Every structure is written in C-alpha cells, then in structure tokens.
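Have a look at the sequence and the 3D structure below, and keep both open while you work. Each exercise comes with a solution that you can follow step by step.

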Amino acid sequence: MAKRKFLFFNNSATDAALINSDRITDIEISSATEIKIHYFNNDNALATTAIGITSGSAFKVVRALCDIISSGQDSIYTIADDVNSVYMRDVVSSTGSVGHS
C-alpha cells in the first residue's frame, strides 16, 4: 500500500492547511509567479491554495511537487510556510490564499 502524503501550507498564525495529496485534482501554472494547487476539501468541494514563485521557475516547482507526490518517502512535506520562512525550494517565495473546508 502506498504511503499517504500531506502537503503543508501556512500563510499566517491562524491560516494554514494540511492537504492530502490523494485529493489533488490538478496543479495549475496560473502566471509566471504563481502556481495553484486544486483539490477536494473535507466537504468534497473544490478548493485552491496558491504559492508564489520566482518568475521562470514554474516547471521546476511543478516537477518537485509531482516528485513529492509520486515518490516522496516522508508523510508530511512543507511546501510554503510564511510564518517560519520555510519553503520546499528556494524559488518558492510565499503562500497565497489557502482553501479550506
């Protein structure tokens, strides 16, 4: 059985999300400086969480997300944590909006 993976996003002390990667529907390059992760939340409604990236790095970030989801060994991955300034890659710069249930 495959190990479940969760992606962590945090944009303030009171706004964070831990997303089950099995619930992700798609990853969208929405602009040169933003990627959106679309997923079904706990209410089975479509939700979106956005991350800010360095211009020109979209493919690198999408590939890293896909690698984590498909073959990562850990259960929880910090993708973007603005509170603690922790990001999955140096080209990820912020957490935008965080979708909730």
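The exercises below walk through the sheets, a pocket and a charged pair of this predicted model.

**Exercise 1. Find the order of the strands in the open sheet with antiparallel pairing, and say which strands stand at its edges.**

Solution.
- Step 1: Trace the four strands of this open sheet; their order is β3-β4-β5-β8, and the pairing is antiparallel.
- Step 2: Look for strands that pair on one side only: these are β3 (24-31) and β8 (92-95), the edge strands.
- Step 3: Check the twist. Neighbouring strands here are turned by 30 degrees against each other on average, with direction ignored.
- Step 4: Now find the helix. Helix α1, residues 58-71, packs on the sheet and touches β3, β4, β5 and β8. The direction of α1 makes about 165 degrees with that of β3.

**Exercise 2. How many bridges join β4 and β5, and which residue of β5 stands opposite His38?**

Solution.
- Step 1: Locate β4 at residues 34-40 and β5 at residues 46-53.
- Step 2: Count the bridges between β4 and β5: there are seven, and the strands pair in the antiparallel sense.
- Step 3: Start at His38 and look across to β5, where Thr48 stands opposite.

**Exercise 3. Work out the order of the open sheet with mixed pairing, and explain why one side of each edge strand has no neighbour in the sheet.**

Solution.
- Step 1: Read off the order of the four strands, which is β2-β1-β6-β7.
- Step 2: Turn to the edges. β2 (15-20) and β7 (86-87) each have a single partner strand, so one side of each is left without a neighbour in the sheet.
- Step 3: Follow β1, residues 6-12, to β2: six bridges join them, and they run antiparallel. Together β1 and β2 form a hairpin, with two residues between them.
- Step 4: Follow β1 to β6, residues 76-81: here the pairing is parallel, over five bridges.
- Step 5: Put residues on this picture. Leu7 stands opposite Ile19 in β2 and opposite Tyr77 in β6. Phe8 stands opposite Leu18 in β2, while the bridge partner of Phe6 in β2 is Asn20.

**Exercise 4. Describe the largest pocket: what is its volume, and which element gives the largest share of its lining?**

Solution.
- Step 1: Begin with the volume, about 210 Å³.
- Step 2: List what surrounds the pocket. It is lined by 14 residues, and the closest to its centre are Leu18, Ile19, Tyr39, Asn41 and Asn42.
- Step 3: Assign the lining to elements. β2 and β4 are those that give two or more residues, and β2 provides the largest share, five residues.
- Step 4: Sort the lining by class: seven residues are nonpolar, six polar and one charged.

**Exercise 5. Which residue forms a salt bridge with Asp90, and where in the chain do the two partners lie?**

Solution.
- Step 1: Recall that side chains of opposite charge can pair when their charged atoms come close.
- Step 2: Apply the cut-off of 4 Å between side-chain nitrogen and carboxyl oxygen. The count comes to one salt bridge.
- Step 3: Name the partner: Lys60, with the closest N and O atoms 3.9 Å apart.
- Step 4: Place both residues. Asp90 sits in the loop between β7 and β8, and Lys60 in helix α1. The pair links distant parts of the chain, 30 residues apart.

Note on methods
Residues are numbered from 1 along each chain as its sequence is written. This is a predicted model: local features need pLDDT of at least 70, side-chain atom pairs count only at pLDDT 80 or more; totals for chains, interfaces and linings use all residues. Side-chain values use heavy atoms; hydrogens and water are left out. Two strands pair if DSSP finds at least two bridges between them. Axes are lines fitted to C-alpha atoms, for helices over the stretch in contact, and angles run from 0 to 180 degrees between N-to-C directions. Contact means heavy atoms within 4.5 Å. On a 1 Å grid over the protein atoms alone, a cavity is a set of points where a 1.4 Å probe fits but cannot get out, and a pocket is an open set with protein on both sides within 12 Å along at least five of seven lines; lining residues have an atom within 4 Å of a point. Grid points are joined across faces, edges and corners, and a volume is the space filled by probe spheres set on the points. Ala, Val, Leu, Ile, Met, Phe, Trp, Tyr, Cys and Pro count as nonpolar, Asp, Glu, Lys and Arg as charged, and the others, Gly among them, as polar.
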